[in-house]
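This report describes the chain shown below, moving from single residues to the overall fold. Please keep the sequence and the structure in view while reading.

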Amino acid sequence: MLPLLLFNVISSLVIDKATDLATEHVESMIDDLLPKDAKKELDKIIKDDPSHTFTNAKDALMGAVEGKLPIIKAD
């Protein structure tokens, strides 16, 4: 659950027009900072989510930027 929550936070930052985070930088952070085990777990969570067709974190991130991924916000 924590990796998915973290992914939602990252996605929200990327799609928020008030920030200047470049998608490439966030993709690079996923590759460079997440341990392989965590990245594998995050990709599995993304793939197993029935609300979209994305199979990995990078593609889902791009989908979030394009408005094709539902981002669930906490109340």
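In which segment does Ile 71 lie? Ile 71 is located in the segment after α4. The model discussed here is a predicted one. With a relative accessibility of 18%, Ile 71 counts as buried, because the cut-off for that class is under 20% relative accessible area. Its C-alpha atom is separated by 9.5 Å from that of Phe 7, although the two residues are 64 residues apart along the chain.

**Overall fold**

The chain contains four helices and zero strands, and along the sequence it follows the pattern α-α-α-α. It has 75 residues, of which 27% count as buried. Among contacts with a separation of 6 or more, 54% are made by residues 24 or more positions apart.

**The nonpolar core**

Ile 71 and Phe 7 both belong to the largest nonpolar core, a group of twelve residues. The other members are Ile 10, Ile 30, Leu 42, Ile 46, Phe 54, Ala 57, Ala 60, Leu 61, Ala 64, Leu 69 and no further residue. Two or more residues are given to this core by each of α1 (2-15), α3 and α4 (57-65). The contribution of α4, four residues, is the most that any element gives.

**Helix α3 and its two faces**

Helix α3 spans residues 36-48. Its 13 residues reach 18 Å from the first C-alpha to the last, which is close to the 18 Å expected at 1.5 Å a residue. Within this helix, Leu 42, Asp 43 and Ile 46 are buried. These three residues lie on the same side of α3, because they cover an arc of only 100 degrees around the axis. An α-helix has 3.6 residues a turn, so residues three or four places apart point the same way. The face turned away from the buried side of α3 carries the exposed residues Asp 37, Lys 40, Lys 44 and Lys 47. Leu 42 and Ile 46 are also members of the largest nonpolar core.

Asp 43 is a charged residue on the buried side of α3, and its surroundings merit a separate description. Asp 43 is buried yet has no salt bridge. The nearest side chain of opposite charge is that of Lys 39, at 4.4 Å; this pair does not count as a salt bridge because the cut-off is within 4 Å. When residues up to four places away in sequence are not counted, Asp 43 touches Thr 55, Asn 56 and Ala 57.

**The salt bridge**

How many salt bridges does the structure hold? The structure holds one salt bridge. In this pair, the side chains of Asp 48 and Lys 44 meet at 2.6 Å, N to O. The two residues are separated by about one helical turn, because they are four residues apart in helix α3. Lys 44 is exposed, with a relative accessible area of 52%, whereas Asp 48 is partly exposed at 48%.

**Pairs distant in sequence**

Glu 27 is part of helix α2 (residues 23-33) and is partly exposed, with a relative accessible area of 22%. Apart from residues up to four places away in sequence, Glu 27 touches Lys 58, Leu 61 and Met 62. Of these, Met 62 has its place in helix α4 and is partly exposed, with a relative accessible area of 29%. Leu 61 is a member of the largest nonpolar core.

Ser 51 is found in the loop between α3 and α4. Ser 51 is partly exposed, with a relative accessible area of 44%. Its partner in the table below, Leu 69, belongs to the largest nonpolar core.

The following table lists pairs of residues with their separations along the chain and in space.

| Pair | Separation in sequence | C-alpha to C-alpha distance |
|---|---|---|
| Glu 27 and Asp 59 | 32 residues | 9.6 Å |
| Met 62 and Glu 27 | 35 residues | 9.2 Å |
| Ser 51 and Leu 69 | 18 residues | 8.2 Å |
| Ile 71 and Phe 7 | 64 residues | 9.5 Å |

Definitions and conventions. Residues are numbered from 1 along each chain as its sequence is written. This is a predicted model: local features need pLDDT of at least 70, side-chain atom pairs count only at pLDDT 80 or more; totals for chains, interfaces and linings use all residues. Side-chain values use heavy atoms; hydrogens and water are left out. Buried means under 20% relative accessible area, exposed over 50%, partly exposed in between (1.4 Å probe, protein chains only). Contact means heavy atoms within 4.5 Å. Lys and Arg count as positive and Asp and Glu as negative; His and the chain ends are not counted. A nonpolar core is a set of buried Ala, Val, Leu, Ile, Met, Phe, Trp, Tyr and Cys residues joined through side-chain atoms within 4.5 Å. The expected span of a helix is 1.5 Å times one less than its number of residues. The arc is that of the directions from the helix axis to the C-beta atoms.
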